[in-house]
Amino acid sequence: MKKKNIIELTRIDTEGYRHLKKRPLKVVCDNVRSMHNIGALFRTSDAFLVDEIILGGISGCPPHPEIAKTALGAENSVAWRHVDDTLTELLSLRNEGWKILVLEQTHGSIPLQLYNRPEEERAVLVIGNEVEGVDQAIVDIADACLEIPQYGTKHSLNVSCSAAIALWQLLPS
C-alpha cells in the first residue's frame, strides 16, 4: 500500500460542509474545562458529521487559541453554541424528542459496544468534566448511561478520546 498525498486527501471546504446533511447526533459538554479537549471534540465532530456541539457551563468556547490549535479549523465548520445551564438545555432537548445518552461509569450502565442506536434516533451524547465527570443531576435524567469497558489500571480515558470512541460506536452500521 502507498500512503495518500495531500492532493489525494482533498476534502470539502468549510462552506460546503455547513450545507451537508448532518447526523441526528448532538454532543453536549458538561463543564469540560480543557481547551485541548474542546478543540479535539470539534475535530472529531467534524469527521463524524455531528449536528451540533453544545458547550455547557464552564466549557471553553471559540474563538480561543488553544481550541483552534487542536480543532484545526473545525471550530468554524461544526455548529456550536454555549449554554449556562446544561441540565435545563438537556431537558429542553428531551422535550423536543432527543434521547439523552450520558457517557459515564454508573451502576447499570450499558457497555458502549452493546448499545445499538437506530440510525434515525435523535440522540445527544453528554460528556463530562475531566475530574468530576457528568453531573449527577444529568445522570438522573439520562435515557441511557454508556460506559467504555477498560481493562488496565486506570479508571478512565481522556474526555476527547472517550468522546471519539463513543461517537464512532454511535454511527449507524
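The legends below describe close-up views of a predicted model.

**View 1. Asp-30 in strand β1 and its surroundings.** Asp-30 belongs to strand β1, which covers residues 23-30, and although the residue is buried, no salt bridge is formed by Asp-30, since the nearest side chain of opposite charge, that of Arg-33, is 12 Å away. With neighbours within four places in sequence left aside, the residues in contact with Asp-30 include Gly-56, Ser-59 and Thr-86, together with Val-126, Ile-127, Gly-128 and Asn-129. Also in contact with Asp-30 are Gly-133, Val-134, Asp-135 and Ile-138.

**View 2. Helix α2, residues 35-47.** The 13 residues of helix α2 should span 18 Å at 1.5 Å a residue, and the end C-alpha atoms are 19 Å apart, which agrees with that expectation. Buried positions in α2 are Met-35, Asn-37, Ile-38, Gly-39, Ala-40, Leu-41, Phe-42, Thr-44 and Ser-45.

**View 3. The two ends of helix α2.** At the N-terminal end, Ser-34 acts as a cap of α2, with a side-chain oxygen placed 3.2 Å from the backbone nitrogen of His-36. Just after α2, Leu-49 adopts a positive phi of about 55 degrees.

**View 4. Asn-5 in the segment before α1.** Asn-5 is found in the segment that precedes α1, the helix of residues 14-18, and Asn-5 counts as partly exposed because its relative accessibility is 39%, which lies between the 20% and 50% cut-offs. A polar atom of the Asn-5 side chain lies 2.9 Å from the backbone nitrogen of Ile-7.

Technical notes. Residues numbered from 1 in each chain as written. Predicted model: local features only at pLDDT ≥ 70, side-chain atom pairs only at ≥ 80, totals over all residues. Heavy atoms only, no water. Helix = DSSP H or I, 4+ residues; strand = E, 2+ residues; numbered from the N terminus. Buried < 20%, exposed > 50% of the residue type's maximum accessible area, 1.4 Å probe, protein only. Lys, Arg positive; Asp, Glu negative; His and termini not counted. Salt bridge = Lys/Arg side-chain N within 4 Å of Asp/Glu carboxyl O. Contact = heavy atoms within 4.5 Å. Expected span 1.5 Å × (residues − 1). Polar contact = N/O pair within 3.5 Å; in protein donor to acceptor, adjacent residues only side chain to side chain.
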